[in-house]
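Biologist: Could you take me through one part of this model up close? I'd like the surroundings of the bound ligand, and then whatever you can tell me about the sheet next door in your notes.

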Amino acid sequence: MRNFTSIQDVDDVNILVSEAIELKKNPFLFENLGKRKTLGLIFLNPSLRTRISTQKAANNLGMNTMVMNLDKEGWALETEDGVVMNGHKAEHIKEAAAVLGQYCDIIGIRSFPKLENREEDYSENILKKLISYTGTPIISLETATRHPLQSLADLMTIKELSPNRRPKVVLTWAPHIKALPQAVPNSFAEWMSDSNVDFVITHPEGYELSDEFTKGAEIIYEQDVALQDADFVYVKNWSSYNNYGKILSTDKNWMLTNKKLYYTGNARVMHCLPVRRDVELASEVLDGQNSIVINQANNRVYAAQAVLKNILENNF
Ligand code: AN0
Ligand code: CP
């Protein structure tokens, strides 16, 4: 594996998940693998888990890390080609990426979509330009359309806690006060469709995700029906893909409560975090026995470590 930007970059997902589970048992087994190698983490948007778990993963492999909050601390970046740069943007991504490639051996990038122009967001312009101009392997730390490190940690969590049969996994839309990206549900759907699970998606009409990500999944518009006999319920808000970036519903009935959990097979409840309590997910669920959101966050370290290990082994 050279880059980690989607499930398509992974040679064997089962092996990668197994490796993450092994690393969790023995995090320092490869503590010299990344010696004298530098991981640069570029953030154009906020982050708690990705920022810290990826640094911890790199440290466990003996790597150095440099974190750059380019949205606040760098020069304003021009990302389009052919622009006369006489506005407020002082540096082009072409030079910035090439320079970062001189200082770093592997680069991670977080870059949210603007949610204004679907074609522009789904072109993954910034990610593609980094791959072209840095000359280093690139890891997505959540870009416009996907969050693969999250999905790998999610799949690992499901594997660890699955019953001894094919589990039923339900992705449910939840209300939110802000328009959020489709990256987390897109990625989750893409990884689940490729896994040994029965995968169901439930959301209000108008919240269909791009079928590039959901092919193979069953879509049920009645949440109570979808939740029946679920082993895992993944809660997440996203804005509309078809009516791009818009909030079409704030219906509180879509919030997962203990009463709704009753329809499931005593399902484990997942969320990538950050979560808005009693907007997206009821406190009683988050604080209850079925919530595994902290396990998921913990697994982010080993997911990132498995990815970094694979890239280090195959590229240096
Ligand atoms: C982001 C999102 O939904 O993509 C990041 C999640 C990991 N969430 C928010 O902006 C609240
Ligand atoms: N789940 C996740 O990626 O969280 P952060 O946005 O805090 O990194």
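Modeller: Sure, and keep in mind that this is a predicted model. Let's start with Arg110, where a polar side-chain atom sits 2.7 Å from an oxygen atom of ligand 2. Arg300 also reaches an oxygen atom of the ligand, with a side-chain N or O atom 3.1 Å away. Gln150 deals with a nitrogen atom instead: a polar atom of the Gln150 side chain lies 3.0 Å from that nitrogen of ligand 2. On its own, ligand 2 would expose 250 Å², and the protein buries 93% of that. The residues around ligand 2 also include Ser47, Leu48, Arg49 and Thr50, along with His147, Cys272 and Leu273. Sorted by character, the shell has three nonpolar, four polar and three charged residues.

Now for the sheet. Four strands make up an open, parallel sheet, running E2-E1-E5-E6. At its edges are E2 (64–68) and E6 (138–140), each pairing on one side only. On average, neighbouring strands are turned by 20° against each other, ignoring direction. E1 (residues 38–43) pairs with E2 in the parallel sense through five bridges, and Leu41 has Val67 in E2 as its bridge partner. Two helices pack on this sheet. Helix H2 (residues 49–60) touches E1, E2 and E5 (106–110), with its direction at about 175° to that of E1. Helix H6 (residues 125–134) touches E5 and E6, and its direction makes about 165° with that of E6.

Conventions. Residues numbered from 1 in each chain as written. Chains lettered and ligands numbered in written order. Predicted model: local features only at pLDDT ≥ 70, side-chain atom pairs only at ≥ 80, totals over all residues. Heavy atoms only, no water. Pairing = 2+ DSSP bridges. Axes fitted to C-alpha atoms, helices over the stretch in contact; angles between N-to-C directions. Contact = heavy atoms within 4.5 Å. Near = heavy atom within 4 Å. Polar contact = N/O pair within 3.5 Å; in protein donor to acceptor, adjacent residues only side chain to side chain. Areas by Shrake-Rupley, 256 points an atom, 1.4 Å probe, with all protein chains shown as cover. Nonpolar A, V, L, I, M, F, W, Y, C, P; charged D, E, K, R; others polar.
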